[in-house]
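Look at the sequence and the model below. The paragraphs that follow take one buried side chain as a starting point and move from there to helix packing and loops.

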Amino acid sequence: MGPSSRRPPIAAGLSARACALLVAVVVFAGVAAAGFLTAKSDPPLPIAAAKAIAIGERDPTLAATVKTATDAKVLYIDDETVTVTWFRHGRGIATTAIKTDGTTFHPATYPHQRAGYGAPLAHDAAVLGALLVLFLLATLRGPLLRWRTLDVLVLAAFLVPTVLIDRAWLVGGEAAGAVLLLYVLARGVVTAVRGTGDAEDADAPVLLQRLAARWRTPALPVQIAGALLLATVLVTATSTGMVDVATANMEGATLLSHGVLPYGHMPGDVVHGDTYGLPIYLIYTPFAALWPVASDWDDAVGSLLVAALGMLACAAGIARAMGGGRVTGSRWPAIIALLAFPAALMSTSSGTNDGLIAAALIWTLAWWARPAASSALLAGAGVAKIAPLVLLPLWLARLRGAALLRAIAACAAVGVATVAALVACGGVHGPFDMVHAMTFQLSRRSMMSLWTTLGLQGWQPIAQALTLAVALGGAALVALDRDVARDPRRVAGLLTAVLAALQLQANHWAPLYLLWLAPPAMVALLGPLGAPAPVRVEDEETVPAPAGFAPV
């Protein structure tokens with residue numbers, strides 16, 4: 001899927017780029033100015049910082065650990081809750097939420113070996129090292145002295161913030177993650193503007209395929225992919241490291257199975273556990289009917305099963321999007337690369353819902369030639385978690401005529417169906433209750449944030465403005481330059497840039513969110529492993545599907 005062999009006249013190309021740049025600059029300046037002018041400091045803490053720290057120090061779960069702390073930070077959560085995090089020489093050692101009535105909420109200490117979520121096996125150094133090697137074997141191919149190799153190494157380097165944050169070195173982990181996200185953002189934009197430039201190497205096998213040929217074991221890639229899929233499902237299904245989101249998903253779905261909207265009706269054992277859109281809880285509802293969860297004392301095994309199914313959907317989608325072409329078995333390296341990507345196993349085995357968003361994003365790309373279905377899927381992901389909505393203008397900008405109308409109608413149908421379901425379960429206030437609950441994600445504060453850990457909240461409007469500038473400037477480029485609109489890798493480059501910017505500006509960033517970024521980044525920067533360049537088809541109404549993107 002390299003750049004098109006036919007180019008518009010230079011003047012036309014420059015005009016499209018100039019217009020896109022102008023849109024980006026105007027949006028950036030306007031949003032940044034508005035952000036600085038309307039910026040407000042956090043509300044006053046509902047509990048004095050010193051009092052909150054003292055309450056936490058008396059908690060029997062934390063007392064012995066926090067005696068060795070060298071620093072403690074208190075953050076506003078809402079008008080009834082603060083969080084306290086204790087550090088020892090820069091490493092987090094304990095945390096808890098504290099209510100205005102003086103009670104501690106989910107006190108926890110961070111063992112030195114692992115502090116994150118997911119199955120213990122997902123944090124093992126040997127396992128992480130083996131997955132890193134598999135990722136490199138499945139993505140590197142000759143010649144190595146080129147940008148694509150650096151792209152692979154940067155994607156692999158996300159293991160660094162993953163391990164640092166997993167071990168509770170929050171400042172170093174968030175800073176390292178921000179640097180890598182900035183690189184991915186820049187490379188996504190460059191890929192969209194200039195094209196991929198590696199069509200001549202599109203059929204080159206990756207290192208794993210070359211090893212399989214040398215060892216005369218042609219089935220090696222499929223065997224490794226199958227083993228990784230099986231291991232991922234087994235590790236996830238038996239995980240003992242579920243994130244609190246897993247419990248919240250099942251609690252909300254349990255309420256929904258009884259005809260009650262989660263918003264404002266959650267048990268309260270997960271702080272703001274009702275901040276997801278209705279599609280998230282709907283997906284978990286069949287599992288909640290079998291394994292209902294009314295509190296965090298109940299087993300949220302349903303979340304693990306959904307996470308495992310979500311990863312299987314991701315694997316199928318990445319195989320479809322990157323596995324086309326003339327090289328036999330080229331879909332298997334793509335599956336290996338996704339499953340071995342840093343934090344993928346941690347994310348899946350934590351029971352989080354991020355795998356569902358990742359699956360929606362990769363199938364949006366895989367359904368390149370199905371405008372209505374792909375747009376509806378992206379709109380559904382946006383209703384579920386807000387952030388994907390920022391991608392929607394860019395995705396629609398590539399379409400023309402009847403295809404665009406069908407896509408818009410599909411998006412509208414998703415919105416109407418969601419509102420109808422909300423009204424049916426919660427009355428006319430149902431849609432407003434969902435929106436109110438979800439907006440907490442836009443205002444929350446967390447120690448797992450570049451802006452909080454480094455005390456840079458005042459500069460966050462710059463990152464927020466950059467996100468919208470890339471999204472809307474990218475949409476202008478896609479709308480005005482048909483060569484960009486026809487090339488899935490160039491559009492995926494813009495999707496990757498926007499997702500990287502969204503994660504960079506976020507109030508809370510965890511390596512688990514990398515699962516969103518991985519599929520479009522792999523499509524844009526690495527290309528279909530072994531697939532040829534796209535064939536241009538003259539059709540302004542529907543965008544043709546290059547190899548690896550054939551319609552169902």
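R148 is buried, because its relative accessible area is 5%, under the 20% cut-off. In this predicted model, R148 belongs to helix α5, which covers residues 147–156. What lies 3.1 Å from a polar atom of the R148 side chain? The partner is the backbone oxygen of L526. The neighbouring stretch of chain is remote in sequence: R148 and G527 are separated by 379 residues, but their C-alpha atoms are 9.5 Å apart in space.

L526 is also the last residue of helix α25 (residues 514–526), whose axis comes within 10 Å of the axis of helix α7 (residues 170–194). The two axes cross at roughly 45 degrees. That angle lies between the 35-degree limit for roughly parallel and the 65 degrees where roughly perpendicular begins, so α7 and α25 are oblique to each other. The crossing of α7 past α25 is left-handed. On the α7 side the contact is made by L181, V184, R187, G188 and T191, and on the α25 side by L517, A524 and L525. Sorted by class, this contact of α7 with α25 has five nonpolar residues, two polar ones and one charged one.

A second helix pair can be described in the same terms. Two packed helices are described by the angle between their axes and the distance between the axes. For helix α16 (residues 371–385) and helix α18 (residues 401–426), the angle is about 35 degrees and the axes are 8 Å apart. Here the crossing of α16 past α18 is right-handed. From α16 the contact takes in P371, A372, S375, A376, A379, G380 and V383; from α18 it takes in A403, R406, A407, A410, C411, V414 and T418. By class, the contact of α16 with α18 has 10 nonpolar, three polar and one charged residues.

Back in the region of α5 and α7, helix α6 (residues 159–166) has L159, P161, T162, I165 and D166 buried. Against which helices do the buried residues of α6 pack? They pack against α4 (125–139), α5, α7, α14 (344–349) and α25. The helix that holds R148 and both members of the oblique pair are thus among the partners of α6.

After α6 comes A168, in the loop between α6 and α7. Its phi is near 70 degrees, a positive value in a residue other than glycine. Most residues other than glycine have a negative phi, and most peptide bonds are trans. Is A168 buried or exposed? A168 counts as buried because its relative accessibility is 1%, under the 20% cut-off.

R216 also has a positive phi, about 55 degrees, although it is not a glycine. This residue lies in the loop between α8 (207–214) and α9 (220–237). R216 counts as exposed, because its relative accessibility of 75% is over 50%.

The chain as a whole can now be considered. It has 25 helices and four strands. Of its 552 residues, 56% are buried. Among contacts between residues at least 6 apart in sequence, 75% join residues at least 24 apart. The pair R148 and G527, at 379 residues apart in sequence, gives one example of a long separation along the chain with a C-alpha distance of 9.5 Å.

Definitions and conventions: Residues numbered from 1 in each chain as written. Predicted model: local features only at pLDDT ≥ 70, side-chain atom pairs only at ≥ 80, totals over all residues. Heavy atoms only, no water. Helix = DSSP H or I, 4+ residues; strand = E, 2+ residues; numbered from the N terminus. Buried < 20%, exposed > 50% of the residue type's maximum accessible area, 1.4 Å probe, protein only. Polar contact = N/O pair within 3.5 Å; in protein donor to acceptor, adjacent residues only side chain to side chain. Axes fitted to C-alpha atoms, helices over the stretch in contact; angles between N-to-C directions. Parallel < 35°, antiparallel > 145°, perpendicular 65-115°, else oblique. Left-handed = near helix turned anticlockwise from the far one by under 90°. Contact = heavy atoms within 4.5 Å. Nonpolar A, V, L, I, M, F, W, Y, C, P; charged D, E, K, R; others polar.
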